[in-house]
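Here are a few short exercises to work through with the model open beside you. Try each task before you read its solution.

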Amino acid sequence: ACSTTWGDTRRPRGGGAAAPSGAVMRVALGVSYRGEAYRGWQSQPGGATVQDRLESALSRFADRPLRTLCAGRTDAGVHAFNQVVHLDTEIDREAFSWVRGTNRFLPGDIAVQWCRRVDGSFHARNSALGRRYVYIVLESAVRPALESHSAGWSLRALDGQAMRDGAAVLLGEHDFSAFRSSECQAASPVKHLRSLDIHRR
């Protein structure tokens with residue numbers, strides 16, 4: 001097991017037409033964060049999640065409540081690189097203003113990377129074409145210090161070839177119910193795994 005994951009979805013294409021004054025428009029954002037200080041993505045009582053912090057910053061920037069929807073929830077302690085989210089708003093701001101203005105109110109471990117106006121058919125979750133995850137495991141005789149929130153740790157030597165052989169079995173389309181959380185909201189446990197590469201560095 002690994003204590004950290006980086007995930008992303010593909011950035012939405014196209015710019016979307018500008019909405020008339022006062023009309024609701026859809027805005028997509030790419031958000032990166034370190035997850036060790038948070039209880040995952042999804043909003044929870046107490047506000048200790050990435051979604052809570054992001055929506056608070058967006059609402060302060062826009063001076064009104066704003067809600068977001070993400071491409072895929074992450075668990076507690078998980079990091080993300082360019083997690084795609086969208087929101088609907090009548091606020092008409094330049095893309096760089098959404099980025100810089102929101103980041104002003106975010107803690108140092110969460111940052112909006114980019115912003116793009118999209119049309120109403122775009123949906124951060126349902127329009128996602130794929131997701132990519134990276135797991136890092138440190139093989140070491142002693143526990144890590146600097147890498148403690150960025151990598152898993154294995155005291156014993158890892159068998160790279162055995163791991164690759166096991167990974168090959170998972171390629172293609174399968175029912176991943178055995179890997180599914182009881183709180184999973186995906187419509188189906190059947191997924192297509194395009195690649196699973198294991199590298200020693």
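**Exercise 1. Burial and surface.** Work out what share of the protein chain is buried, and what share of its accessible surface belongs to carbon and sulfur atoms.

*Solution.* Start with the residues: in this predicted model, the protein chain has 201 of them, and 37% are buried. Now turn to the surface. The accessible area is about 12400 Å², and carbon and sulfur atoms contribute 50% of that area.

**Exercise 2. Confidence.** Find out where pLDDT drops below 50 and how many contacts the model has there.

*Solution.* Begin with the average: the protein chain comes out at a pLDDT of 86, with 89% of the residues scoring at least 70. Next, look at residues 1–11, where pLDDT is below 50. Beyond near neighbours in sequence, that stretch still has 54 contacts in the model. Then move on to residues 13–19, where pLDDT also stays under 50; here the model has 15 contacts beyond four places in sequence. A word of caution on reading such contacts: where pLDDT is low, predicted coordinates shouldn't be read in detail.

**Exercise 3. Fold layout.** Count the helices and strands, write down their order, and say how much of the contact set links residues 24 or more positions apart.

*Solution.* First the count: three helices and 10 strands. Walking along the sequence, you get β-β-α-β-β-α-β-β-β-β-α-β-β. Last, take the contacts with a separation of 6 or more: 67% of them involve residues 24 or more positions apart.

**Exercise 4. An aromatic pair.** Classify the ring pair of Phe61 and Trp98, and place both residues in the chain.

*Solution.* The structure holds two aromatic pairs, and this is one of them. You need two quantities, since a ring pair is described by the distance of the centres and the angle of the planes. For Phe61 and Trp98 the centres are 5.2 Å apart and the planes meet at 65°; that angle is over 60, so the pair is edge-to-face. Phe61 belongs to helix α1 (residues 50–62) and Trp98 to helix α2 (residues 95–103), so the pair links distant parts of the chain, 37 residues apart. Both residues are buried. Finally, check for a charge: the charged end of Arg93 sits over the ring of Phe61, 4.8 Å from its centre.

**Exercise 5. Cysteines.** Are Cys70 and Cys115 buried or exposed, and how many disulfides are there?

*Solution.* Buried means under 20% relative accessible area. Cys70 is at 8%, so it's buried. Cys115 is at 14%, so it counts as buried too. As for disulfides, a search of the whole structure finds zero.

Notes: Residues are numbered from 1 along each chain as its sequence is written. This is a predicted model: local features need pLDDT of at least 70, side-chain atom pairs count only at pLDDT 80 or more; totals for chains, interfaces and linings use all residues. Side-chain values use heavy atoms; hydrogens and water are left out. pLDDT is the predictor's confidence in each residue, from 0 to 100. Contact means heavy atoms within 4.5 Å. Helices (H or I, at least four residues) and strands (E, at least two) are DSSP runs, numbered from the N terminus. Buried means under 20% relative accessible area, exposed over 50%, partly exposed in between (1.4 Å probe, protein chains only). Accessible areas come from the Shrake-Rupley method with a 1.4 Å probe; for residues, only the protein chains shown count as cover. Rings of Phe, Tyr and Trp (its six-membered ring) pair if their centres lie within 6.5 Å; planes under 30 degrees apart count as stacked, over 60 as edge-to-face and the rest as tilted. A charge sits over a ring if NZ of Lys or CZ of Arg is within 6 Å of the ring centre and within 35 degrees of the ring normal. A disulfide is a pair of cysteine sulfur atoms within 2.5 Å.
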